[in-house]
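Biologist: I have a model open and some time before my next gel. Can we walk through it?
Modeller: Yes. Here it is.

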Amino acid sequence: MDSFNEASSVFLEWLKRSGAEVNPKIELKDLRNIQAGRGVVAAQDLSENELLFTIPRSAILSVENSILSSEIPKATFDHLGPWLSLILVMLYEYHNKDASNWAPYFAVLPSEFNTLMFWSDDELAQLQASAVVHKIGRQSADEGFRNELLPVIMEFASIIFAGDAQAQEKAAELGTEQGMMLMHKMGSLIMAYAFDVEPAESHKEIDEEGYASEDEDEALPKGMVPMADMLNADADRNNARLFYEQAALTMKAIKPIKAGEEIFNDYGPLPRSDLLRRYGYITDNYAQYDVVEMPFELVALTATAANVYFEARLEYLDEHDLIETGYDICASDPFTVQESVSPELIIVIETLLLDNEEFERLKRKGKLPKPEKMTAQGAEFLHRMVQVRLQQYLTTLDEDVATSVHIAGEAASKERRYAMAKQVRIGEKKLLKQTEMAVEQMGRDLMNSNASSKRQAEEEEVGSGKRKRSS
């Protein structure tokens with residue numbers, strides 16, 4: 001047995017000792033040949049609602065389950081927040097090596113990453129004008145590590161490096177480039193594998209698609225759930241779901257699964273840019289969730305060029321929480337402006353275009369234009385924005401699609417990263433092109449409708465005049 005499969009075997013044995021129950025009809029498989037690392041595959045047919053595995057809450061790698069929770073004040077963890085707290089715990093368990101309860105689990109977690117955090121400058125440049133480049137957060141993460149996490153590690157070095165005469169020196173080493181990289185790796189493991197661990201009694205509000213809001217997810221404690229994170233994810237082939245119960249987390253099949261089929265979880269409606277940022281890979285199955293961002297700076301630039309940039313209106317929009325760093329244009333099938341363009345963006349545009357009298361009237365009533373009633377002028381404004389946004393990319397859509405986009409090579413190879421970046425930017429440019437055509441058509445339709453209404457009004461006025469003269 002090679003070391004990869006041996007680590008899987010040791011991990012499964014550890015799971016059982018930890019109180020987990022794993023259905024004998026499933027198995028961990030080596031899927032490196034398809035760049036999927038470890039995956040969970042059905043060894044026999046599985047029926048809908050069949051239990052795949054049960055993980056006791058005590059086996060979750062979390063702040064609550066780590067010995068650190070009793071050694072470091074709760075106020076310190078509260079100050080760090082869910083992300084940095086779990087990174088601290090993982091650093092502690094990682095440095096404990098074989099003495100850690102989770103050592104067999106760490107052995108099956110990746111040590112190399114393909115997420116955008118680890119891309120070189122020339123690789124990131126392939127994303128061109130994609131807004132995802134500004135969401136990587138490398139600088140802010142470094143600041144959080146240096147200003148928040150490192151001081152805690154220095155303060156509690158004798159606990160984190162218990163029994164080590166050089167505890168203080170080892171704590172200081174985490175401030176070096178190598179130490180910061182280790183923190184980034186722990187953060188990347190959390191981003192790619194951790195779950196928002198709902199308490200035994202959840203008070204979280206779930207939307208109609210079964211997802212909590214980002215704010216609520218941020219507030220939840222995070223935990224690494226062994227075995228649950230071995231499942232790869234797929235938007236189309238999702239056939240399993242994790243359920244939170246009083247004493248354990250259970251993974252169940254949500255549809256029949258045939259022997260030999262891989263078992264997939266689902267990350268939710270993520271655009272491919274975020275799939276790449278958070279998990280380091282890309283798949284066409286998530287194209288249905290693609291998004292391109294229209295920066296607020298572009299709104300302001302277009303408004304200035306059109307002489308409709310008004311501070312008073314922006315202040316009023318800000319009072320209504322409508323000034324954002326960017327506004328999304330999302331994929332839809334069939335593509336429509338109403339379904340795809342952020343309603344907040346339409347409201348901002350239409351508010352800027354109002355004549356003074358109408359703006360003051362709406363302001364007195366505390367109201368705003370309705371996003372479903374876009375004007376011809378608003379459509380023209382958005383059309384200009386989209387054209388400028390397309391020009392921010394270094395290549396055109398036609399140039400990108402003229403050459404094939406075949407994702408090949410090793411997971412972290414430059415060839416593979418270039419190809420994945422190209423897919424992201426093609427998806428965004430396609431959305432912009434769809435928006436450009438749809439808004440242009442909408443503008444023509446609105447202008448024709450307005451002209452028709454004007455002619456009808458004039459004809460009615462003439463007819464009314466004739467009737468008066470004849471009488």
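Biologist: Let's start with α12. What covers its buried residues?
Modeller: This is a predicted model, to be clear. The cover over the buried residues of α12 includes two strands, β11 (291-295) and β12 (326-330), along with the helices α13 (311-319), α15 (343-353) and α17 (376-391).

Biologist: And which residues of α12 are the buried ones?
Modeller: α12 covers residues 296-305, and the buried ones are Phe296, Leu298, Val299, Ala300, Thr302 and Ala303.

Biologist: What follows the helix?
Modeller: Asn307 comes after α12, and its phi is positive, near 60°.

Biologist: Change of topic. Which residues have the most contacts inside the largest nonpolar core?
Modeller: Leu88, Leu149, Ile153 and Met227, in a core of 82 residues. α3 supplies the largest share of this core, ten residues.

Biologist: What does Leu149 touch?
Modeller: Leaving out residues up to four places away in sequence, Leu149 touches Leu80, Leu84, Ile87, Leu88, Leu91, Gly144 and Met183. Apart from the largest core lies another one, of 35 residues, with Leu314, Ile347, Met374 and Val439 among them.

Biologist: Now the sheet. In what order do the four strands of the open sheet come?
Modeller: The order is β1-β4-β9-β8, with antiparallel pairing.

Biologist: Why do β1 and β8 each have one side without a neighbour in the sheet?
Modeller: β1 (21-22) and β8 (240-244) are at the edges and have a single partner strand each, so one side of each lacks a neighbour in the sheet.

Biologist: And in the middle, how many bridges join β4 to β9?
Modeller: Five bridges, between β4 (residues 51-56) and β9 (residues 248-253), and these strands run antiparallel. As one example, Ile55 has Leu249 in β9 as its bridge partner.

Biologist: Last thing, pockets. What is the volume of the second largest one?
Modeller: About 700 Å³. The second largest pocket has 30 lining residues, and those nearest its centre are Tyr94, His95, Lys97, Leu182 and Met186.

Biologist: Which helix gives the most to that lining?
Modeller: α9, with six residues. The elements that each supply at least two residues are α3 (74-96), α4 (103-106), α7 (157-160), α8 (167-173) and α9 (177-193).

Biologist: How many of the lining residues are nonpolar, polar and charged?
Modeller: The lining of the second largest pocket has 16 nonpolar residues, seven polar and seven charged.

Terms used:
Residues numbered from 1 in each chain as written. Predicted model: local features only at pLDDT ≥ 70, side-chain atom pairs only at ≥ 80, totals over all residues. Heavy atoms only, no water. 1 Å grid on protein atoms, 1.4 Å probe; cavity = no way out; pocket = protein on both sides within 12 Å on 5 of 7 lines; lining within 4 Å. Points joined across faces, edges and corners; volume = space filled by probe spheres on them. Nonpolar A, V, L, I, M, F, W, Y, C, P; charged D, E, K, R; others polar. Pairing = 2+ DSSP bridges. Buried < 20%, exposed > 50% of the residue type's maximum accessible area, 1.4 Å probe, protein only. Contact = heavy atoms within 4.5 Å. Core = buried A, V, L, I, M, F, W, Y, C linked by side-chain atoms within 4.5 Å.
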